[in-house]
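Visitor: Please take one strand of this protein and look at it closely with me, and then follow it outward to what lies around it. I am new to this, so explain each term as you go.

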Amino acid sequence: MTSSSSGPMGRRRALFCFMLVTVWEAVSGQTRYSIPEEMQKGSIVGNIAKDLGLDIKELSDRGVRVVSKGRTQYFALNVKSGHLITTERIDREQICGRIEKCLLTFEIIVEEKMKLYRVEVEITDINDNAPNFQAGELEVKISEITAPGSRYPLQEAQDPDLGINSLQSYHLSSNRHFSLDVQTGSDGVKYAELVMEKSLDREEQAVHDLILTATDGGDPVRSGTAQISVIVLDANDNAPVFSQTVYKVNVLENMPAGSTMVTVKATDPDEGIHQEVKYSIRKITNEASQIFHLDSRTGELIVVGNLDFEEAALYEIEVQAHDGGGLFDRSRIVIVVSDDNDNSPELTITSLANSIPEDSLPGTVIALLNVQDLDSGENGKVTCSVPSNLPFQLRKSLDNYYSLVTDRALDREQVAAYNITVTATDNGTPPLSTTTTIPLRILDTNDNAPFFDKTSYAAYVTENNPRGASVFSLKANDPDEGENARVTYSVTDGQVQETPLSSSISINSETGALYALRSFDYEQFRKIRFQVQAQDGGSPPLSSNVSVTLFILDQNDNSPHILHPSFPTDGSTGVELAPRSSEPGYLVTKVVAVDADSGQNAWLSYQLLKATEPGLFSVGLHSGEIRTARYFVDRDALKQSLVVLVKDNGQTPLSATVTVTVMVADSIPEILSDLSSLSAPADPQSSLTLYLVIAVASVSCLFFTFIIVLLALRLRRWRNSQLFDSSSVTFSGVPVSQFVGLDGVRAFLHSYSHEDSLTTDSRKSPFNFPKSNYSNTLTSQHSCEIKDPILITEELDSNMDQTSIQVS
């Protein structure tokens, strides 16, 4: 049974725990704190940010975190306040057991700086455990003939606390037959022995019930009790005796379950029931009780659990042999567990940079690694390595921590990513190893300028190209990536025949395609030289230039131009003279022509296309020379006209013709007379045009004369009729003289309504005169106003013009 502390005492204890929190700097530079166990989750251990000189505002940005060994994380960092806080309830006895100084060690990692800080937290003991007996009821068998003063060791109480908080004393309930003697062993552990003070009589009292109380020295005091039943037996002369007082066994860890480690043996010289010996475990730890089992009949100690050196290297078990008469003997079994290389090294990445720039300096930290091996001795010594062909190495930074750093310059263009295999190998036999792969991406920096495949380029375009036509395309490569590899193109400034280059050539900044902004003429210039710049998008940008020569190819776009014979500019006719006495082959003249094109487009050939006397003259195919082909005869005309065709050698040949007039005569007067007849030739086409113009003018004059005569006759008849009617009409307030001329004209205009129909051919158009309307228009005096005489005159003229148009 266990007694617990009261509520107020518990609160005082918690307050005391907070007061015990201290911090100091160890000689090694490590930060150390001290806190009591059993603190509440979230309790403050210390201001780690202040103690390490870290800025609270930068805790989250710099990636400051806690890395501890083991499976349980007991501490965490509050990035808002900079305090180190507990994340779990800390039980000192569970973590450290009987170790006097319980230290929890962990590291604070600043990932941005790849820096480690070692922190130790000492867990101090509090009286949180009461003494406890493994068996709540104990049975002691004593023979009635046992002499007073005999001692019987009792089961020890267990208290996992340390120091004053551990087991301090035992107390026995009052009894006249027994007393309690408390002894302290060499290891400082107190144990109790039951001392018989008075002889026992089975017939008087067969069983004596006692209460054993174990107490610690904590505040408050905690205690535990066990019920002891003393059974009085009949006489038994001899007690069992073990063959050894201590059984020591050396075994390897990982012994299979069911294996017998040791067999204890005790003998009893008595006979019958008093000779039968049974074995039992008198003292064992809770952990060991899960691993070992003692056979009560054979005394074999059998492994039933996992025997692990890393959990415990030494076990002590106290065994007891008792006969049927209640007599017993005790012995100890000491089990020494030897380490076996059964644990591979544990490799943990505590901090990692997934990528670094390619211009990182040698020694740049990529990752922090922690290596642990639960084995001991040589089996626990670990060596870490990386492949030697990689530009990385491992440096030991703090105890079992390694830094993975670069050891030479990196080049992303050669290797863009690495998978770094880190191998941790122990020194066991056979050695065990663990590998982990760290992926690392190399970030690009703008360390490469764009480059062209050639130092210079030659492009060709045929003249007379359309505007905007693509003439060439350039491609520059940049081994960088992203914006650093995005290439833009531009044409550097230059001139083409004193005009800006930008008016002739443009380039697509993204694709590098060159375009002609105008139509080129081979005859003006035959090539254009300029520089193209390729620039990447890095910061700062890098660029390179290349020379480009654009050659203009000739096209057959020029016809041959005849230089001789040239046309006279004074109106005379140019002629060539040939004596009638010329022999065959006589050079009369030479047709001279040039072609602005080049190459085969400028190769000219001559051909006699037409002649007055075929066969009289010949033309050199390539020379253009006109020579006589035979002798002149009397029937040959004095004037010979030759049409010479000059043709180039283009793919689509172009040509020009020239007419050469050759005068054949033996005397000068004959030549002059013929020349005068040729100086003013008649132009029949011009005469015909003149005759047509005269005929049209004559017809038009006749037509207009007829119209005028017709209008005069009509006007005369109308005026006579108006004068006849005016004598019977009276006008009030207006002189008669003003209406005779004016209204008469108006009446004439309104009395005739012509409906004329004209067609294109006026000679076939009907011309109809409708009937006259002789109604007196002057009767509408009250509704009409007399216009100004000048306006009436203009109206008259207008009406006359309209009448003339209708008649025509």
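Guide: What follows starts with one strand, β15, and moves from there to other parts of the chain.

The model is predicted, so that local features are given where pLDDT is at least 70 and side-chain atom pairs count only at pLDDT 80 or more, while totals for chains, interfaces and linings use all residues. Residues are numbered from 1 along each chain as its sequence is written, and side-chain values use heavy atoms, with hydrogens and water left out.

Strand β15 covers residues 190-196, and because five of its seven residues are buried, it is largely enclosed by the rest of the structure. Strands here are DSSP runs of E with at least two residues, as helices are runs of H or I with at least four, and both are numbered from the N terminus. Buried means under 20% relative accessible area, exposed means over 50%, and partly exposed lies in between, using a 1.4 Å probe and protein chains only.

Two partners of β15 can be described, and strands are said to pair if DSSP finds at least two bridges between them. Strand β14 (residues 178-184) runs antiparallel to β15 and is joined to it by seven bridges, with aspartate 181 standing opposite glutamate 193 of β15. These two strands form a hairpin with five residues between them, where glycine 188 takes a positive phi near 85°. Strand β11 (residues 151-153) is also antiparallel to β15, with three bridges joining them, and here tyrosine 152 faces leucine 194 of β15.

Following the chain on from β11 leads to a salt bridge, meaning a side-chain nitrogen of Lys or Arg within 4 Å of a carboxyl oxygen of Asp or Glu. Glutamate 156 and lysine 283 form this contact, with their closest N and O atoms 2.6 Å apart. Because glutamate 156 lies in the loop between β11 and β12 (157-158) and lysine 283 in strand β22 (residues 278-283), the pair ties together parts that are 127 residues apart in sequence. The glutamate is buried, at 12% relative accessible area, whereas lysine 283 is partly exposed at 26%.

The structure holds 19 salt bridges, and another of them joins aspartate 636 to arginine 630, at 3.2 Å from N to O. Aspartate 636 counts as buried, with 3% relative accessibility, while arginine 630, at 23%, is partly exposed. Elsewhere, salt bridges that share partners link Arg412, Glu413, Asp444 and Glu481 into one network.

Buried residues can also gather in a nonpolar core, a set of buried Ala, Val, Leu, Ile, Met, Phe, Trp, Tyr and Cys residues joined through side-chain atoms within 4.5 Å. The largest such core has 29 residues, and those touching the most other members are Cys384, Phe392, Leu394, Leu404, Ile420 and Val422. Its largest share, five residues, comes from β29.

Last comes the one disulfide of the structure, a term that stands for a pair of cysteine sulfur atoms within 2.5 Å. Cysteine 96 and cysteine 102 are its partners, with 1.8 Å from S to S, and because the torsion about their S-S bond is about 65°, the disulfide is right-handed. Cysteine 96 is buried at 12% relative accessibility, and cysteine 102 is buried too, at 0%.
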